[in-house]
Structure formats: structure tokens, C-alpha cells
Amino acid sequence: MSTVAVVGAGVIGLSWARLFREHGMTVRITDPRPDLAEVVPDDVLIAPTVAEAVRDADFVQENGPEDLELKKTLFAELVREAPEHALLLSSSSAIPSTAFTEGIDGSRVLIGHPFNPPHVIPLVEVVPGEQTSEESVTRAVEFYRSLGRTPVVERKEIPGFVGNRLQAALSREAAYLVEQGVVTPADLDAVVTNSLGLRWAAVGPFLGAHLGGGPGGYRHLAEHIGKSMRGLSLGTPSQDPERLIRAVEDAYGSSTYSALAETRDRKQLAVLTALEEN
Ligand SMILES: NC(=O)c1ccc[n+]([C@@H]2O[C@H](COP(=O)([O-])OP(=O)(O)OC[C@H]3O[C@@H](n4cnc5c(N)ncnc54)[C@H](O)[C@@H]3O)[C@@H](O)[C@H]2O)c1
């Protein structure tokens, strides 16, 4: 049975720890937060230091803050302290591993970027850095598959990788539409969950567009409706998000985080179950 070290026990680290335990792995977790013992899932072993967490690890999943200097320090320690065969994976949302492996051996370091919460959402973006070996990429893909995840290997490092760049594009226009008073945050969410979100759980944007063109497929769509879509100029939201923050808090601030997260996870699991059955 494999041993995995979870370094950083915030939103993402705790969710990874839960998934690793659900798959019978031995899980060691470390984080300087004073309430660590109160938040770790059952049967997860607490380690007082990073070195002790990774000492006999086969896999390390790093989930510290999204801060380049911190990740540089952390990965220098991981390369030094983890066994030579251990794969060193970072949950980093935007910083590519080449940026934090300068001057150290990065052959077994790469990004394994999940979507929140990783114990529910299947995608893991596997992004090798300039030094990452092909063997490490293969091992990362096998590791995430063994956990029931869907790894996608991305062959060029680009800030934000693929998922967050797509999310940023949609979020930018969503912010603009709310700031312009076109829709409220709740109505914008209703537009997405009742159309694009539902469609994209079944088919991605390209297959969706291919079908949107009817029997003529993507070519028909691109040459007809596509012309007017390409001419659409999209908005730029203001640089001060304060009004938007207040509008989102007005919409959802009266519910607790745990109630909203529980509903989100229940619905997402229901969608996943329906997809598995079809
Ligand atoms: N929140 C998301 O939606 C999301 C999704 C995918 C990936 N990520 C990425 O995952 C990583 C963690 O994000 P998060 O949202 O869980 O952040 P978070 O702030 O909830 O957790 C970060 C944790 O790291 C701990 N930490 C600080 N210094 C540390 C150290 N030296 N050693 C070990 N732990 C340390 C902090 O105490 C904190 O508990 C980031 O790189 C982030 O970009 C976040």
C-alpha cells in the first residue's frame, strides 16, 4: 500500500487527504496551522514537520499557499528530504513548476492541479516542467487514475494552465455583465447552471459546437453563426472589485459556507453518478 504526504492542509490539502484515505493509502499531513488536529479527516497521521511527513512517502502532494518564494523553499526541502523514488506533485493553480525548481533537481517534480474539491471533481491537470522526466509524467497519470481521477497532460507551461484560463475568461465577462447592471450575480449563475454548465458536463465546448452546427458540424457553425460570434466585443470589468464583492455577498452571504458547500458537493456527485450511468 502506498504512502502519500500531504503538505499544506487548507481547502485543497484536506480534500486530497480525504480522497487518499478513501483509496486506502497511508496519509501523513503537515501544516503550521494551530488547529490542524481539529480539521484533519479520520485516520490521517499528523507530522510535526515537512521532513517527517515525507520521510517514507511514495507520493507527495503539495498544497501550500500560491506564493513563488514559499514554493521554492518548500520544493528544495521536498527534494532533499523525500525518498529518491517519491513523486513530488504540486497543486499550484497558476505557477508552473519550472519557476520553483530553478537550481534543484526537478526531474520528479510536476504540477498535479485539481479543481476544488479534489475528492469530488475528477480533473487533474498534469503539467511537466522543463526538467520533469517522462517517467514522472507517466507515474503521475497512473497515480491519479488509480484514485478515480481524470488526468489530462498539458505539454506547455502557461500561467493558469488550461482550466483556470478558461475560468478566467468566463469570470471576466460575468463580472462585466454584473457591473453593467445587465444581470444580478444569482441570475448570471442561473444562466450558466441552466445552459452552459449543464451542456459542458456532457460535452466540452468543441464537441458542443460541432453538434451546434447540426449535420454540417463545426464547419457549418464556424462559417455561419461563428462569424457574428467572432465580431462580438467582450467587456473589461473595473479594476476595483468592491461593488462586485458586495453584490455576491448580498446574493449568498446569508447562507453558511458549510451549507452551500454541502449542496454543491451533493449536486456535483449526482451529476457524476448520472454521467457514469450513461
Ligand atoms: N482553492 C482552490 O480552489 C484551489 C484549487 C486548485 C488548486 N489550488 C492551489 O492549491 C494550493 C493551496 O490552496 P488552498 O486554497 O488550499 O489554500 P489555503 O490557504 O486554504 O491553504 C494553504 C495552507 O498552507 C499552509 N502552509 C503555509 N505555509 C506552509 C508550509 N511551509 N508548509 C506546509 N503548509 C503550509 C497554510 O497554513 C494553509 O493551511 C495553492 O497552490 C492553490 O493555488 C487551490
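## Two domains in one chain

The protein chain is divided into domain 1, which covers residues 3-153, and domain 2, which is made of two stretches, 163-202 and 238-276. The description that follows rests on a predicted model, and every value in it is computed from that model. Taken over C-alpha atoms, the centres of domain 1 and domain 2 are separated by 28 Å. Ten residues from domain 1 and eight residues from domain 2 take part in the contact.

## The interface between the domains

Between domain 1 and domain 2 an area of about 680 Å² is buried, and carbon and sulfur atoms give 56% of this area. On the side of domain 1, the residues that lose the most area to domain 2 are Phe 115, Pro 117 and Val 120, which together account for 51% of what that side buries.

Sorted by class, the side of domain 1 that touches domain 2 consists of five nonpolar residues, four polar residues and one charged residue. The count of salt bridges between domain 1 and domain 2 is zero, whereas two residue pairs are found in polar contact across the interface, both at pLDDT 80 or more.

## The surroundings of the ligand

Around the ligand there are 22 residues, and of these Ile 12, Asp 31, Glu 66, Lys 71 and Ser 93 come nearest. For three of these residues, the atoms that approach the ligand can be described further. In Ile 12 the approach is made by the backbone, with an N or O atom that lies 2.9 Å from an oxygen atom of the ligand. In Asp 31, by contrast, a polar atom of the side chain lies 2.7 Å from an oxygen atom of the ligand, and in Ser 93 an N or O atom in the side chain is likewise 2.7 Å from an oxygen atom of the ligand.

The ligand taken alone exposes 830 Å², and the protein buries 72% of that area. Ile 12, Asp 31 and Ser 93, whose contacts with the ligand are given above, are among the residues that come nearest to the ligand.

Technical notes. Residues numbered from 1 in each chain as written. Predicted model: local features only at pLDDT ≥ 70, side-chain atom pairs only at ≥ 80, totals over all residues. Heavy atoms only, no water. Domains from an automatic or database assignment. Contact = heavy atoms within 4.5 Å. Buried area = accessible area lost by both parts, 1.4 Å probe. Salt bridge = Lys/Arg side-chain N within 4 Å of Asp/Glu carboxyl O. Polar contact = N/O pair within 3.5 Å; in protein donor to acceptor, adjacent residues only side chain to side chain. Nonpolar A, V, L, I, M, F, W, Y, C, P; charged D, E, K, R; others polar. Near = heavy atom within 4 Å. Areas by Shrake-Rupley, 256 points an atom, 1.4 Å probe, with all protein chains shown as cover.
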